[in-house]
Amino acid sequence: MSRLNYKHLGYFRAVAHSGNLTQTADSLNLSQSALSVQIKKLEEQLGQQLFERKAGRLHLTEIGRVTLDHADAIFNAGDELLGALARGSAAKPVLRIGAAATLSRNFQIGLLKKLIGQTDVSISLKSGTTDGLLADLEALNLDMVILNDTVDHGVGRSLRFQKLSDQRISLIGTPGRLGAVKDLATTLRSHPFIVPSSGGSIRIGFDGLTQQYGIEPDIVAEADDMAMLRLLAREDVGVAVLPPVVVRDELQSGHLVEAHVLEEVVETFYAVTVKRQFPHSVLPVLLK
């Protein structure tokens, strides 16, 4: 292969970051056709298509994403050489992870601890809706998505689900509320409950459990955000149905106590990826 034309690479990088050929051409004081020719020359030199057009917009191909990562590293290294950057972290490859906005932050931090101390990667975290994150994953804007649900998300799509962990679910509340030891049935009858919103695996399991006991629980609050459920439990609004990892710090400090483990109710976390010709080199560390 002939020597890489860095001018063409720079034009490609600018278009890739903006996602708009016309705007990039204007910012570079070039005609759109001239810019298109430069990108085409780079594609011809690499022997790979870097962009594809979907719904009237430019999207990176997988090779385009790999090329952009290298282009960023190359040009950031040049900036460092000129003294524009104060530290050398910009040239690190970026691992892009998405997680549903409602997932426990403590669980996410526990997973990412596997990468703490590594100097050869930077981590970019994004939260959002499941559908939005999976769309970003399929567009190669993310390397992995963390979910606690597989239902229907993989139907008709090229998604790969790998189980990360099963988290036990417990009844958790303040010591004043749950200080006296009671059997599970008595606890279910005696207290108001804070529960995850309907439709998730935890709520489905809890509803099934109360039906087995013939109990209609007093539900005073429900939320789809684990952080909100944690705050409601701290405020003693009721007994929370939660994975203990969500309130790990409160359990350690004694602000909250774990009354009962619901053996038949679990929350399962999954890593979602797509088949790629060039998967991120750090992913195996998280997925092993």
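**Exercise 1. A loop residue with an unusual angle**

Asp236 sits in the loop between helix 10 (226-234) and strand 9 (239-242). Find out which sign the phi of Asp236 has, and work out whether Asp236 is buried, partly exposed or exposed.

*Solution.* Start with how the model is made and numbered. This is a predicted model, in which local features need pLDDT of at least 70 and side-chain atom pairs count only at pLDDT 80 or more, while totals for chains, interfaces and linings use all residues. Residues are numbered from 1 along each chain as its sequence is written, and side-chain values use heavy atoms, with hydrogens and water left out.

Step 1: the elements. Helices (H or I, at least four residues) and strands (E, at least two) are DSSP runs, numbered from the N terminus.

Step 2: the angle. Asp236 has a phi near 60 degrees, which is positive although the residue is not glycine. Most residues other than glycine have a negative phi.

Step 3: the exposure. Buried means under 20% relative accessible area, exposed over 50%, and partly exposed in between (1.4 Å probe, protein chains only). With a relative accessible area of 31%, Asp236 is partly exposed.

Step 4: a second case. Asn29, in the loop between helix 2 (21-27) and helix 3 (32-46), also has a positive phi, near 60 degrees. Asn29 is exposed, because its relative accessible area is 72%.

**Exercise 2. The two sides of helix 9**

Which residues of helix 9 are buried, and how are they arranged around the axis?

*Solution.* Step 1: the length. Helix 9 covers residues 201-212, twelve residues in total. From first C-alpha to last it reaches 17 Å, close to the 16 Å expected at 1.5 Å a residue (the expected span is 1.5 Å times one less than the number of residues).

Step 2: the buried residues. These are Ile202, Arg203, Phe206, Leu209 and Thr210.

Step 3: the arrangement. Viewed down the axis of helix 9, the buried residues fall within an arc of 125 degrees, so they line one face of the helix. The arc is that of the directions from the helix axis to the C-beta atoms. The general idea helps here: an α-helix has 3.6 residues a turn, so residues three or four places apart point the same way.

Step 4: the other face. Turned away from the buried side are the exposed residues Ile204, Gln211 and Gln212. Just after helix 9 comes Gly214, with a positive phi of about 70 degrees.

**Exercise 3. Contacts of Pro196**

Is Pro196 buried or exposed, and which residues does it contact beyond its neighbours within four places in sequence?

*Solution.* Step 1: Pro196 belongs to strand 7 (residues 192-196). Its relative accessibility is 9%, so it counts as buried.

Step 2: contact means heavy atoms within 4.5 Å. Leaving aside neighbours within four places, Pro196 touches Ile202, Arg203, Glu222, Ala223, Leu229 and Val241. Ile202 and Arg203 are among the buried residues of helix 9.

Step 3: look along the chain. Asp224 lies 28 residues from Pro196 in sequence, but their C-alpha atoms are 5.4 Å apart.

**Exercise 4. Aromatic pairs**

How many aromatic pairs does the structure hold? Describe the pair of Phe107 with Phe269 and that of Phe193 with Phe206.

*Solution.* Step 1: the rule. Rings of Phe, Tyr and Trp (its six-membered ring) pair if their centres lie within 6.5 Å; planes under 30 degrees apart count as stacked, over 60 as edge-to-face and the rest as tilted.

Step 2: the count. There are four aromatic pairs. One of them, Phe107 with Phe269, is stacked, at 3.7 Å centre to centre and 10 degrees between the planes. Phe107 lies in helix 5 (residues 105-112) and Phe269 in strand 10, so this pair ties together parts 162 residues apart in sequence. Phe107 is buried at 9%, and Phe269 is buried at 1%.

Step 3: the next pair. Phe193 and Phe206 have ring centres 5.5 Å apart and planes at 45 degrees, so the pair is tilted. Phe193 lies in strand 7 and Phe206 in helix 9, so the pair ties together parts 13 residues apart in sequence. Phe193 is buried at 0%, and Phe206 at 1%.
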